[in-house]
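Student: I would be grateful for a close look at a single part of this complex, namely one place where two helices pack against each other. Please then set that part in its surroundings.

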Amino acid sequence: MIRILLRYIILFVLTLLVLAGLSFSLAYLFPGDVLANLTGITAQNEMQRAALAQQFHLDSGYIVQFYHYLKNLLTGNWGYSFISGMPLSEEVRLALPATIELATYAMLLAIVIGIPVGCYAGLRSYTAADYTINSASMIGYSFPVFWLALLFILMFSLEWNIAPLSGRISLLFEVPPKTGFILIDILFADNINRLLAFRDALHHLMLPTLAISVISIASMVRITRRSVIEVKNKPFVAAARTRGLSQGQIFYRHILRNALLPILPLMAIQITTLITNAMIVETLFSWPGIGNWLIQAIYQRDYPALRIGMLAVAFMVVTLTILIDLFNRVIDPSREKYERVAV
Amino acid sequence: MSQFSLYEEESHPTPLQRTWREFRASHIAFVGLVVLAVFFFFALFAPLVVPYDPIQQNLNSLLIPPSWERNGTIDHLFGTDALGRDVFSRIIYGCRVTFGSSLLLVIIAMGLGVTIGTVAGMLSGVRSSVVNHLLDALMAIPTLLIAIIIVAVVGTGLVNSMWAITLALTPQFIHYTRTFVRSEMKKEYVLASRLDGANAWQLFTHSILPNMIEMLVVQGTLALSIAIIDVSALGFLNLGAQPPLPELGAILADGLDVAYLAPWNVALPGLSIFLMVLAINIVGDGLRSALRKRVSR
């Protein structure tokens, strides 16, 4: 166990080092001044420039520079945005939770809806109900997320007017960003009607979450269905049936447990898709998340923001993936090396 | 099977024929294949199909609704956009750009992935472990992020976005090839060829590759659907194909300005992306279940 843990920690640290190295090299790869890309401050005169170069050890070799870059990253000194002039650590701290919030709710929806429906389809495999669910999931899986979000906007916001078009919460409510998660922030906020604010925030959440989760639910249904069908035909299920167990007992004790195991590593792959979809949907709903922030940064050529934003998103995704892999390894020791299977 | 059977045919279908039979037995999969073939035809022969030049602007016919609406004309089957360009022609050309570039990049990614994956699969020990772990890290980084970085470094454009998506798709090909080659290397028929004195290259081309092609085709269809969605998403975000080039995502983004006035400018390009992806997914799914049935019988 400790060996596995150690291996995962080494893997994690190495991956992060590679990512940090990548983000460091971006300062050189991006067009423009290296120093400006690294700090986000355009030096006004030679003196300031020399001082900054001194601070970032630009005159030393790349290795020394990278070492100091790492030190700056760890101490939270991430540089400043070209456009807003704000410290990047502050901007990421506000933007990242918004994305995580959106993705989490979408994932929760996918688990809550996708797994039971997938189990049902798997148990009734090759019947009319199964074909219906399977076709529906195939259709949901094929939607380009930006088009789906646009359709939702056209239908729900413009035609029927039942959901707001953009943002996280009505401007009437003043919610100070404490944790960055809007639903939690509302609980901490003073001087507002929490119930109304909560309802308003949920209204704002509805469309973007739905747009992302349609695709996640569809792939979750497909994964679960496949897994259940595979487990259903295993000899131990037949053995359980001959022992006279009821359908419910067989399902809950034997099929469900074994079917859920291979789903977990597949969820790790889903996270990448989920975050990508969340980032695209954010731009459509003006959701103040990291995806919207990054895409604004690329439109305005805000290189320091891109450098840090890339690191932040990659860090988040890699951490989640490795944690899920580790968790999977812990609960399923029979798996020497996890296998990744297609959706 | 009995030795003397008067009624059964003596010819044995090849694995490919058996897969085709299983595939054809599923009507949905066959319809998907036909739809895909139509898109492929559009991609190949777009200049012969379209009635108008896709970038020809016509100020006399702005925002004409599609032909099935009351104000529409049959001259413009899908209507026109805000610059008077024929939407039908643009979509056909869009299929060509989106589908063609996706197909191309999937083939490149497959070639790269199979090469690296085979080398990694035949290696063992520390080197393969390093490759494995680096790949897992690469697989985790979202395509959009890679695309944003590449766009920031070298600028926007269809080719640049294609590189980004190729880079994002390659690791999964490497992964599957690696796993496949590794499991295959342990089998006895490979050992037999080895005892016959086959070198690594001969082993690969004569023993492993023929067995791998089916897996590659299935993975390729999956990757193709992802590639189409990604190409059009980047085009939509204005990070990929640039406006005059008719790319489905870019057409959709163009139509966004007049979405309320002329919803067909948003609905139709999106619908064609959706149909294309759906057809590919159906064909991929049909292929997979056909292979599964063939193996289990």
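Tutor: The part chosen here is the contact of α2(B) with α10(B), in which B:Ile28, B:Ala29, B:Gly32, B:Leu33, B:Val35, B:Leu36 and B:Phe39 of α2(B) meet B:Leu275, B:Met276, B:Ala279, B:Ile280, B:Ile282, B:Val283 and B:Gly286 of α10(B). By residue class, this contact holds 12 nonpolar residues, 2 polar residues and no charged ones. The model is a predicted one. For chain B the mean pLDDT is 83, and 92% of the residues reach 70 or more.

As to geometry, helix α2 of chain B covers residues 27-49, helix α10 of chain B covers residues 264-296, and their axes come within 8 Å and cross at roughly 135 degrees. Because of that angle, α2(B) counts as oblique to α10(B). The hand of the crossing between α2(B) and α10(B) is left-handed.

A second site in chain B concerns B:Ser89, a residue of helix α3, which spans residues 87-122. B:Ser89 is classed as buried because 24 other C-beta atoms lie within 10 Å, where the cut-off for a buried residue is 20 or more. Setting aside neighbours within four places in sequence, the contacts of B:Ser89 are B:Val50, B:Pro51, B:Tyr52, B:Asp53 and B:Pro54. With B:Val50 the sequence separation is 39 residues, while the C-alpha atoms of B:Ser89 and B:Val50 are separated by 5.0 Å.

Helix α7 of chain B, residues 188-195, is hardly covered, as 0 of its 8 residues are buried. Just after α7(B) comes B:Gly197, whose phi is positive, at about 95 degrees.

These elements belong to a chain with 10 helices and 0 strands. The C-alpha atoms of chain B fill a box of roughly 75 × 60 × 25 Å along the principal axes. Chain B has 297 residues, of which buried residues make up 47%. Taking the contacts in chain B between residues at least 6 apart in sequence, 69% join residues at least 24 apart.

The partner, chain A, has 14 helices and 0 strands. Its C-alpha trace spans about 85 × 55 × 35 Å along the principal axes. Chain A has 343 residues, and 39% of them count as buried. Among contacts in chain A between residues at least 6 apart in sequence, 70% join residues at least 24 apart.

It remains to describe how the two chains meet. The contact takes 37 residues from chain A and 36 residues from chain B. On the side of chain A that touches chain B, at least two residues each are supplied by α1 (2-29), α6 (128-142), α7 (145-159), α12 (263-285), α13 (290-299) and α14 (303-331) of chain A. The largest share of that side, 8 residues, comes from α14(A). The residues on the side of chain A that touches chain B divide into 29 nonpolar, 6 polar and 2 charged. For the complex, the predictor gives an ipTM of 0.84 and a pTM of 0.86.

Conventions. Residues are numbered from 1 along each chain as its sequence is written. Chains are lettered from A and ligands numbered from 1 in the order in which they are written. This is a predicted model: local features need pLDDT of at least 70, side-chain atom pairs count only at pLDDT 80 or more; totals for chains, interfaces and linings use all residues. pLDDT is the predictor's confidence in each residue, from 0 to 100. Helices (H or I, at least four residues) and strands (E, at least two) are DSSP runs, numbered from the N terminus. A residue is buried if 20 or more other C-beta atoms lie within 10 Å of its own, exposed if 12 or fewer, and partly exposed in between; C-beta atoms are placed from the backbone. Two residues are in contact if their C-beta atoms, placed from the backbone, lie within 7 Å. Ala, Val, Leu, Ile, Met, Phe, Trp, Tyr, Cys and Pro count as nonpolar, Asp, Glu, Lys and Arg as charged, and the others, Gly among them, as polar. Axes are lines fitted to C-alpha atoms, for helices over the stretch in contact, and angles run from 0 to 180 degrees between N-to-C directions. Angles under 35 degrees count as roughly parallel, over 145 as roughly antiparallel, 65 to 115 as roughly perpendicular and the rest as oblique. A crossing is left-handed if the near helix is turned anticlockwise from the far one by less than a right angle, and right-handed if clockwise.
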